[in-house]
Every structure is written in structure tokens, then in C-alpha cells.
Amino acid sequence: MSSDVKSAHKHNAQSSSVTAHEASTTRAQSSVTPRARHKKAAIAWISIGIVLLVLYVAGIILFSSLFFPRTRIAFIDASLKSDTQLEQALNDAFNAYEIALSADGFHETITTRDMNLRIDAQHIVKEMHHRQAAWMWPYALIAGHYDYSSLLQAKADQDALTQVVASKIERYNKTQRLPRDAYIVFNDDQQHFHIEKEQPGTALDTSRVVQKILQALDKLEQSVTLDASDTIAPAITANNETLQRTCEQANAMIAHDIVLTANGKPFYTVSRKLQGEMITFDADGIQFSDEKARTALRGVLSSFNTVGATRSYTRPDGKHISVRGGTYGWRVDIDKVIEDVIARIKDATGEPLEIPFASTAACALSADKPDWGDRYIDVDLSEQYARFYDNGTLVWESPIVSGKPGEHATPPGAWKINYRTSPQLLESWKDGEKQWSVTVRYWMSFVHNSIGFHDATWQPRFGGTWYKSHGSHGCINLSLSSASALFDVVRKGDPVIVHY
């Protein structure tokens, strides 16, 4: 047999052997049924399920005592903390908790002690776990975020906090500007009242700062920045309806000048500006200040007063005299004027007002003529002589004895006869004891009812220097005949000019 034939025969034998093995394997595989395959798969899935269930239950058990990852309460990270750990963390955090206050030039710290701050950490942690659904731990591990800040019920002692804040702010406010309320002021240019706008200040308002601290405490914020809204606000603003209404009423009151008249003739005009100076404003509205009215009118009206003023004149005999003091002359009754002017302002009528005088004189004061006119008694203490002029004519004259120099000197000034009687008992008292008593025939007083002209029959002489050693207690002593003659011509109200 040839070699090629042998080789081919051997190859065919091997091929037949392989084919027979594959056929055997195919028959073995076809012997595993579909049911067996399903059973094996079920066993595998059950095993996986059991493992997952065990893991899930274990997670529930675990997170029944621990908090989920990414769990916070305010600024505290509660992730994977136990109740005990979180309680300790809360207490530690609150013991160290502070709120930093800051404003322009103001930096202070509020501590838990300042606020007397208290929390119930155990109750808060218990409530957190009550709200945490442990069965949701798989979701919590993947995507959950939990914030329980709303459970923090930190209780601060507001009174204690206010006291601490007030003391800190008080020091700061000493260097700050307080606000200014809107107010009514008179405008000189426009001659009416207007409202001056309020001005904000920089001083902090304790109550507002305390409220801002409490708001920060609700969120456990650790800093508070103060701004203009935390300053003391003006109590009254320019758009205040009451203020605007009051301003309108005040302008209506001073709508007219008030003309003061004397004997029906214009004497002085109380301008709107002057009226405005008499008006004040308070919480009750418009008020009238007698003191401001007096200040506004005194300078003007007192210029018309001559009582007590220095007056100069030339006596008919040519002697130049200057005299000051006394009660004679013009004196405006300022209290009555104020009362009447205020009434006019309140009525807003603008009607003229006749000036009331508490004291009047014979005529107006002029540069060349005193206000007592041409009828008066001239008492010259230097000459120790008295003269009575009527219309420039000497109607009576007499030497006199005036008060003894010193304590009993006759007071100089312009006076007037205020009492005239005959006879009259004169007495002198000191410390409740009568010093002397005398009855005179004629009595004509000009300083109240204590100093006057009277007869003094006990005087041996009159005129000269006798008064220096034997002067009266202030009265003008006359002889009986001179006193009688004067009594016949003098009238109540006649001016008496006493001078040196």
C-alpha cells in the first residue's frame, strides 16, 4: 500500500473519532431541561434578595440610632451622629454661641450669658429622630439632604438681653447724632410758617437692635450687621397730617398784621413775624407763650414807656434839669396788650387794637418838652425850694425842708399827687412799734401814701441847709400858710418833679 493511501486512511479515522465525540456531547446537553435552568435562576435571585433585605433591615436598625448623612441643624453637622453625640454637640455649640453685632464704629458681641439662652437639646434630638424615616436610608445615602434648623427653639430672656444691649448702645450713642423731628418754623422771607423736614440720626435704637438679634437667634446666625433702619427714627415726619394741619392753622391765625392804636391813631404794628414769635407748638397743637409774647413786644412797647426814664427839661427860670426815676409817665400795660394781641391772633380778624396804658402822662414825650407838660410842681432839693408852674406861669412857690440826707432822703424822680386830704394823721412804725405820731392840717402825697407835702409847724425855719441836720423822714415840710396855699391849687394827678 502506498504511503499516500495510508495517510489518507489515518486522517479519515481521526475525523470519524471527533465527530463521534461531538455527537456524544450534544446528546448530554440536551438532557438538561428548561425547568432545571429556571430553578437555578430563582435560587440565585432569592439569595440576592435575602442579602439585600438583610442589608436594608440592617440600615434601618443603624439609622434608628444614627442620623442620615448630609443632616444639619443650623450650623451643626449631624451626619452619622448618635443622639448622645448630637445632644453634646448642641450643648457645646450653644455654650460657645455668640452673635457679633457690627455697624459703623460699633462692634460688640452678644453671648449666651447676655441672652440667658437656653435650649432643650434632648427634646430637639428626639424630635429629629421622630421625623427621620429610617426606612428611607437608601435614598438618604444617594441623594438625601436634611435640615432640622426649624426645630431649634432657643429661648432668650428678652429683658436681660435688652438690658445688656441698652448698656452697649448707650456708650455708642454718646458719640452719635440723635434724629431731629420735623417741626414748624417761621420763614422770615415768606412771612409764614413752614415745616422743616426731619433729620435722621446715627444713634442706634435699642428695641430695633434687640429684635434683629432675636431674628438672628431664630436662625442661629452668628453675625448681625446693623444699618440705617436700626437707628432711632424721627418721631414726627414732614408728611405727618397733624403737623401739616397745625401749620395751616397757624398761618391762618397770622394772616393779618395787627395795628395798635393810641387815641384811635396808629401807634405800632404787630407784624406777622412778631405774631409768629408768640406762637409755640407742642403735641397738643398750637400754644401761645406769654413769655415769648412778652419778649417779642417788650422791646418795642417799652420804648414808649417813660415811667422811670431819664428826662431832661429847662425850667421857666432857665435852669437845665435832668431827672430819673419815679412813677409818673407813660407805661404800657404789657400784660393786657399781650392778652389782647393773643386774642386777636386766635380770632384771626386783624382788627386794630387800642393800647391799654397802666399809667398815662399829660402829653407825649418830645425832644424839647417832658411828658408832664406845662403844669407841674418842681421840687429842687439842692435849692430847698419848690415851685408850682401852670402853663409856664409860676402859681405857687415856697422854701422847704426835705428829707434828712441818708436813710430818710427824699427820693428824686417824676411823681404825681396821688392823695390829697385835710387833716391827716401821720405815723411811723418800726418792727411793730410806733416811733412817732403827728396830725397835720394839709396832706398831699406823691410817693404812694408815705411821702408828700404837708405843713410842719414844728420846723423853725425852711430852706437853706437846715434839712441836713433837721430834715424830715422824706416828706416835703412846708409852713402852714405855704401848705394851705398849695392845697388850694394842687389837684390829684399833678406831676411832682423832685431833683437835685
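**Close-up 1. The start of the chain, where confidence is low.** In this predicted model, residues 1-21 keep a pLDDT under 50 throughout, and the model gives them 1 contact beyond four places in sequence. The pLDDT is also below 50 over residues 23-30, a stretch with 0 contacts beyond near neighbours in sequence. For the protein as a whole, the mean pLDDT is 89, and 94% of residues reach 70 or more.

**Close-up 2. A nonpolar patch on the surface.** Trp45, Ile48, Val51, Leu52 and Leu55 make up this patch, and together they offer about 550 Å² of accessible area. Trp45 belongs to helix 2, which covers residues 34-63. With a relative accessible area of 63%, Trp45 is exposed.

**Close-up 3. Arg70 and its positive phi.** Here is a backbone detail to check in your own viewer: Arg70 is not a glycine, yet its phi is positive, near 60°. Arg70 sits in the loop between helix 2 and strand 1 (71-73). Its relative accessibility of 30% makes Arg70 partly exposed.

**Close-up 4. A network of salt bridges.** The structure holds 22 salt bridges. Arg315, Asp317, Lys319, Asp378, Asp380, Glu383 and Arg387 are linked in a network of them. Side chains of opposite charge can pair when their charged atoms come close. In the pair Asp378 and Arg315, the closest N and O atoms are 2.8 Å apart. Asp378 is in strand 18 (residues 375-380) and Arg315 is in the loop between strand 13 (308-314) and strand 14 (320-325), so this salt bridge ties together parts that are 63 residues apart in sequence. Are these two partners buried or exposed? Asp378 is buried at 0% relative accessibility, and Arg315 is buried at 2%.

**Close-up 5. Glu383 and Lys319, another pair in the network.** The closest N and O atoms of this salt bridge are 3.5 Å apart. The two residues link distant parts of the chain, 64 residues apart: Glu383 is in the loop between strand 18 and strand 19 (385-390), and Lys319 is in the loop between strand 13 and strand 14. Glu383 is partly exposed, with a relative accessible area of 33%. Lys319 is partly exposed too, at 25% relative accessibility.

**Close-up 6. Strand 23 and the loops on either side.** Ahead of strand 23, the peptide bond from Ser422 to Pro423 is cis, with omega near -10°. Pro423 lies in the loop between strand 22 (419-421) and strand 23. Within strand 23 (residues 424-430) we find Ser428, which is buried with a relative accessible area of 17%. Which residues does Ser428 touch, leaving aside its neighbours within four places in sequence? Its contacts are Glu433, Lys434, Gln435 and Trp436. Lys434 also meets Glu427 in a salt bridge, at 3.2 Å from N to O. Both partners are partly exposed, Lys434 at 42% relative accessibility and Glu427 at 36%. Asp431 lies in the loop between strand 23 and strand 24 (433-440). Although Asp431 is not a glycine, its phi is positive, about 50°, and Asp431 is exposed at 74% relative accessibility.

**Close-up 7. The two sides of helix 14.** In helix 14 (residues 480-489), the buried residues are Ser482, Ala483, Leu486 and Phe487. Looking down the axis of helix 14, these buried residues fall within an arc of 135°, so they line one face of the helix. Ser481 and Asp488, on the other side of helix 14, are exposed.

Note on methods. Residues are numbered from 1 along each chain as its sequence is written. This is a predicted model: local features need pLDDT of at least 70, side-chain atom pairs count only at pLDDT 80 or more; totals for chains, interfaces and linings use all residues. Side-chain values use heavy atoms; hydrogens and water are left out. Buried means under 20% relative accessible area, exposed over 50%, partly exposed in between (1.4 Å probe, protein chains only). Helices (H or I, at least four residues) and strands (E, at least two) are DSSP runs, numbered from the N terminus. The arc is that of the directions from the helix axis to the C-beta atoms. pLDDT is the predictor's confidence in each residue, from 0 to 100. Contact means heavy atoms within 4.5 Å. Patches are made of residues with over 30% relative accessible area and no salt bridge: like charges are joined within 9 Å, nonpolar side chains (Val, Leu, Ile, Met, Phe, Trp, Tyr) within 5 Å. Accessible areas come from the Shrake-Rupley method with a 1.4 Å probe; for residues, only the protein chains shown count as cover. A salt bridge is a side-chain nitrogen of Lys or Arg within 4 Å of a carboxyl oxygen of Asp or Glu.
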